[in-house]
2 protein chains.
Amino acid sequence: MKLYCYWRSQAAFRVRMALNLKGIEVENVILDLMKGDQFTDEYRKVNPQMVVPALVTDDGLTLYQSLAIIEYLDETHPNPPLLPADARGRARVRSLAQIVACEAHPLIVPRIRNYLEHELKQDEPTRMKWIQHWLTVALAALEGRLTREPETGRYAHGDKLTLADLCITQQVVSAKIFNCDIKPYPAAVRIFDECMKLDAIARAHPLKQPDAPKHH
Amino acid sequence: MKLYCYWRSQAAFRVRMALNLKGIEVENVILDLMKGDQFTDEYRKVNPQMVVPALVTDDGLTLYQSLAIIEYLDETHPNPPLLPADARGRARVRSLAQIVACEAHPLIVPRIRNYLEHELKQDEPTRMKWIQHWLTVALAALEGRLTREPETGRYAHGDKLTLADLCITQQVVSAKIFNCDIKPYPAAVRIFDECMKLDAIARAHPLKQPDAPKHH
């Protein structure tokens, strides 16, 4: 399989965690989104939407959208499972994941920051405040559910790692990258810490990617 | 079951279509989001995130996030199915749905429009341009895939209605509400027209809800 990715893409990070956990080897095709590699004719043929990630399977199927990709991987490579066996559990895990993927992440991606800068003429501190605001709103939503719902265990849903943990880990990484105050969200941070103990997740971290900047 | 909803909520609209298609009767609990009904202590106990929709099942399970709710309904009430039987098909349908739910819709919800107005002091035409811009970007993404991918049929994925059609229908309704030019997206509009022929979908339309304004 080929994964089209960029070190800092948070959606690619989610997919990379799932691939590593399932022991699926992929060829990484790195696009430098800052240089506009996603707009080449070559990549446009892979993904006309010109965003990452895209995953191309060995039989030539191209998959889009990180949550859809992860569910496909979970269905075709069921071990270890990333969704609970029961419908209630799956609904809970998906809804936690969607707080990240459908509420927080879409608001902070480069195209939004570009629009704020170039169309709305917002300065850098205002753009940073926007990012921190929406990341924090989603962290608060996650924290509220994680602390209130009895299903929370060692991980977000009991003691087995799920899709929800991948999204929570990604959310905490985003919050750290953008210097959010994460102290008010100890349940989310605890899950992040727990996940980072797993090599499959730790080596999927954006800063561990070959195209990441070497010094921070 | 109880569905907490508001006539104009596009996420509630998606869930309502699924409920109608599956013939599931629910009690609608209408919150007037413009009056702040979502912030009452009573609703906060149902959904601490204070957003709609939330679906409470007869055995007291509360479900959040429209796509997670629809997948739960599909798993527990499998007829008619809203996802294809094969993993490839499910991946395609979910990824089309996520263009709407994870890319377009999060950018135009009231909290974003409020932030643009009150925090960023953007005037009404600028806010409208923002909404139209992101709705149109997503419509273009859908159109590109619907016209390019051979799986597109009478509906978005072959000739059977799926979750993708519910999201495309919702997206076209949003685009119409906000006066987007939808002429460049005939494939998406054709699917919307096809879906609106179904009574289960037509009567789920926001303007058909009891709390919708009577005259337009």
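## Two domains in chain A

Let's start inside one chain: the centres of domain 1 of chain A and domain 2 of chain A, taken over C-alpha atoms, are 20 Å apart. Domain 1 covers 2-80 and domain 2 covers 87-202, with bounds that come from an automatic or database domain assignment. This is a predicted model, where local features need pLDDT of at least 70 and side-chain atom pairs count only at pLDDT 80 or more, while totals for chains, interfaces and linings use all residues. Residues are numbered from 1 along each chain as its sequence is written, and chains are lettered from A and ligands numbered from 1 in the order in which they are written.

Where the domains meet, each of the two gives twelve residues to the contact (two residues are in contact if their C-beta atoms, placed from the backbone, lie within 7 Å). On the domain 1 side, helix 1 (10-21) and helix 3 of chain A each supply at least two residues. Helices (H or I, at least four residues) and strands (E, at least two) are DSSP runs, numbered from the N terminus. Helix 1 of chain A gives the most to that side, with eight residues.

By class, the side of domain 1 that touches domain 2 has eight nonpolar, three polar and one charged residues. Here Ala, Val, Leu, Ile, Met, Phe, Trp, Tyr, Cys and Pro count as nonpolar, Asp, Glu, Lys and Arg as charged, and the others, Gly among them, as polar.

## One face of helix 8

Which residues of helix 8 (residues 186-196) of chain A are buried? They are Ala188(A), Ile191(A), Phe192(A) and Cys195(A), buried here calling for 20 or more other C-beta atoms within 10 Å of a residue's own, with C-beta atoms placed from the backbone. Seen down the helix axis, these buried residues fall within an arc of 105 degrees, so they line one face of the helix; the arc is that of the directions from the helix axis to the C-beta atoms. They pack against helix 6, helix 7 (163-177) and helix 9 (199-202) of chain A.

## Where the chains meet

Chain A and chain B put 29 residues each into their contact. Helix 4 of chain A brings the largest share of chain A's side, ten residues. That side divides into 15 nonpolar, seven polar and seven charged residues.

A turn of 180 degrees and a shift of 0.0 Å along the axis lay chain A on chain B with an RMSD of 0.0 Å, copies being superposed by least squares on the C-alpha atoms of residues with pLDDT of at least 70 in both. That is the relation of a two-fold axis. In chain A, the C-alpha nearest the axis belongs to Cys102(A), 2.1 Å from it.

Key. A residue is buried if 20 or more other C-beta atoms lie within 10 Å of its own, exposed if 12 or fewer, and partly exposed in between; C-beta atoms are placed from the backbone.
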